[in-house]
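Visitor: Before we discuss this entry, could you put the sequence and the coordinates on the screen?

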Amino acid sequence: MALNLVMLGPPGAGKGTQAVRVEQERGIPQISTGDILREAVQAGTDLGRQAQAVMERGELVSDALIVEIVRERLARGDTRDGFILDGFPRTVAQAEALDRILAGRDPLVVVELSVLDQALVERLSRRRVCGDCGATYGAGSGAVPAACTRCGAALVARKDDREEVVQERLRVYREQTEPLVAFYRDRPSFRRVDGNQAADAVRLAIAGAIDAAQAAIRVQSSPAV
Ligand code: AP5
């Protein structure tokens, strides 16, 4: 069975951190709509120009734009054995569109990372990202390194990690994205994971949640005797 995974959770919950680990462990691509948009901003494309101001205010880019990006990405052959969606869907309209895009493919596994608001704000104030390769730092208890340990480039704070923008992103999450929990909750493949633990413990909990969700999918799709 392909692992068609959605990582759901508020800004700073650790979706990106954990998606990279699942990608390494399972050999399926991480698809981060935030990364795709930031790359477009950096490259100065039409998409980047449309998205930049919206992202810096902490709001969401339009459903139509983002659904088309994801539709094209999921049509590529490297998603055949599965994929990890990080930051998509973010509205009920996006979730409905995703169900239509995936018609005929294996069911989604949805993992919600739940983290207390106070911890989210602290994590995002500490987060530094590589301005070149996009690697993220800040998960450990030690100091963030002076430069990227992967490529040596300078580390910077994301523009949308300023405190006032973080508050807006949390408000937008509660209003537009949290309703997705109700949208997915009754599916046998929905799992909630405590994201307040150390990153390695979260990784183990996610691995267990994925296995349990896929077992539930198998039970549901096996013919009754
Ligand atoms: P996006 O980039 O998706 O941002 P986000 O959802 O707000 O998520 P973040 O990247 O901030 O957090 P994360 O959960 O990935 O946490 P991370 O692993 O980095 O989107 C940015 C913008 O793009 C949106 O605001 C919107 O404008 C637009 N956009 C994107 N997708 C869209 C869509 N579908 N529709 C419309 N608009 C869209 O971790 C955070 C920090 O915590 C890091 O420093 C990390 O090292 C640390 N950390 C991680 N895990 C732990 C742990 N267990 N303990 C301690 N620290 C930890």
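Visitor: Which residues around the ligand come nearest?

Guide: This is a predicted model, and in it Thr 17, Glu 59, Arg 90, Arg 127 and Arg 169 come nearest among the 34 residues around the ligand.

Visitor: What makes the pair between the ligand and the side chain of Thr 33 a polar contact?

Guide: A nitrogen atom of the ligand lies 2.8 Å from an N or O atom in the Thr 33 side chain, and because a pair of N or O atoms within 3.5 Å is a polar contact, this pair qualifies. An oxygen atom of the ligand, for its part, is 3.0 Å from an N or O atom in the side chain of Arg 158. Taken alone the ligand exposes 1000 Å², of which the protein buries 95%.

Visitor: Which element supplies the largest share of the shell around the ligand?

Guide: That is α2, with four residues; α1, α2, α6 and β6 each supply at least two residues of this shell, whose members divide into 14 nonpolar, eleven polar and nine charged.

Visitor: Why is Cys 130 not counted in a disulfide with Cys 151?

Guide: The closest cysteine sulfur to that of Cys 130 is the one in Cys 151, at 3.5 Å, whereas a disulfide requires sulfur atoms within 2.5 Å, so the pair is too far apart for a bond. The sulfur of Cys 148 is likewise too far from its closest cysteine sulfur, in Cys 133, at 3.8 Å, and the count comes to zero disulfides.

Visitor: How do you know whether Cys 148 is buried or exposed?

Guide: Its relative accessibility is 5%, and because buried means under 20%, Cys 148 counts as buried.

Note on methods
Residues numbered from 1 in each chain as written. Predicted model: local features only at pLDDT ≥ 70, side-chain atom pairs only at ≥ 80, totals over all residues. Heavy atoms only, no water. Near = heavy atom within 4 Å. Polar contact = N/O pair within 3.5 Å; in protein donor to acceptor, adjacent residues only side chain to side chain. Areas by Shrake-Rupley, 256 points an atom, 1.4 Å probe, with all protein chains shown as cover. Nonpolar A, V, L, I, M, F, W, Y, C, P; charged D, E, K, R; others polar. Buried < 20%, exposed > 50% of the residue type's maximum accessible area, 1.4 Å probe, protein only.
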